[in-house]
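Me: Please take a close look at a single part of this structure and describe it in detail. Please then set that part beside the rest of the fold in one connected account.

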Amino acid sequence: MRDNAATQELVTRLQQAPVTVTLNSSGGFEIWGALDFSLTTSNEQVNAQPGDIVLYNGSNICMFYGTNSWSYTRLGHIDNLSENELRSFLKAGENNISVTLSISNTTGISQVRTGESQSKAYTLQGTIAQAGHKGIIIKNGRKIVR
């Protein structure tokens, strides 16, 4: 996530309760939906790339699986997924996608080291992520969204 007023406000809200948003595909490059609240904007001309997450007009969240250039407030980026993986993960072309944004009390894990193979994936709670686990995992010291 970017360090700006919008993300700080979003994190504060998510610490109180998860936020569910209905997202719709648009323009062949993004899914977007209206938040039930506004966040502080710091708009700038952005050449959005696959994986970028932005705030549009202060109250709409957009997640990109393609590219677009517009004035947005940057919120964050989904790492470690190819454009095709993003299209699948974000359900490109579909509408009425219910997404719940949430954060949990994390352990603050930033890197996992073990004498075993570094190919294991771990949840933010520090447990081994089982096959099919959805959410943020840590693998080889990197955060990955599945």
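Reply: Two strands are taken to pair if DSSP finds at least two bridges between them. The model discussed here is predicted. A suitable part for a close look is the hairpin of β9 and β10, which has 2 residues between its strands. Within this hairpin, N140 adopts a positive phi near 55 degrees. Strand β10 covers residues 142-145 and is joined to β9 by 4 bridges, the two strands running antiparallel. One pair of bridge partners across the hairpin is I137 and I144, the latter in β10.

Strand β9 (residues 136-139) also pairs with β8 (residues 121-123), again in the antiparallel sense, through 3 bridges. Here Y122 has I138 of β9 as its bridge partner, and T123 stands opposite I137. I137 thus appears in the descriptions of both pairings, opposite T123 and as bridge partner of I144. The outcome is an open sheet of 3 strands in the order β8-β9-β10, with antiparallel pairing. Because β8 and β10 each have a single partner strand, they stand at the edges, and one side of each is left without a neighbour in the sheet. From one strand to the next, the twist of this sheet averages 40 degrees.

The rest of the account concerns another sheet and the helix on it. This open sheet has 7 strands, ordered β3-β6-β4-β5-β2-β1-β7, and its pairing is antiparallel. Its edges are held by β3 (44-48) and β7 (97-101); each has a single partner strand, so one side of each lacks a neighbour in the sheet. The twist averages 45 degrees from one strand to the next. Within this sheet, β4 (residues 52-56) and β6 (residues 68-77) pair over 4 bridges in the antiparallel sense, and the bridge partner of D52 is H77 in β6.

Helix α1 (residues 5-16) packs on the sheet and touches β1 (19-26), β4, β6 and β7; the direction of α1 makes about 50 degrees with that of β6. The expected span counts 1.5 Å times one less than the number of residues. For the 12 residues of α1 it should therefore be 16 Å, and the end C-alpha atoms are 17 Å apart, which agrees. The buried residues of α1 are A6, T7, L10 and L14. Seen down the helix axis, they fall within an arc of 90 degrees, so they line one face of α1. These buried residues pack against β1, β4, β6 and β7. The face turned away from the buried side carries Q15 and Q16, which are exposed. At the N-terminal end of α1, N4 acts as a cap, with a side-chain oxygen 3.1 Å from the backbone nitrogen of A6. A6 therefore takes part in this description twice, because it also belongs to the buried residues that fall within the arc.

One loop of the 7-stranded sheet completes the account. S59 is found between β4 and β5 (60-64). Its C-alpha lies 7.3 Å from that of D36, although S59 and D36 are 23 residues apart in sequence. Leaving aside neighbours within four places in sequence, S59 is in contact with G33, A34, L35, F37 and S38.

Technical notes
Residues numbered from 1 in each chain as written. Predicted model: local features only at pLDDT ≥ 70, side-chain atom pairs only at ≥ 80, totals over all residues. Heavy atoms only, no water. Axes fitted to C-alpha atoms, helices over the stretch in contact; angles between N-to-C directions. Contact = heavy atoms within 4.5 Å. Buried < 20%, exposed > 50% of the residue type's maximum accessible area, 1.4 Å probe, protein only. Arc of directions from axis to C-beta. Polar contact = N/O pair within 3.5 Å; in protein donor to acceptor, adjacent residues only side chain to side chain.
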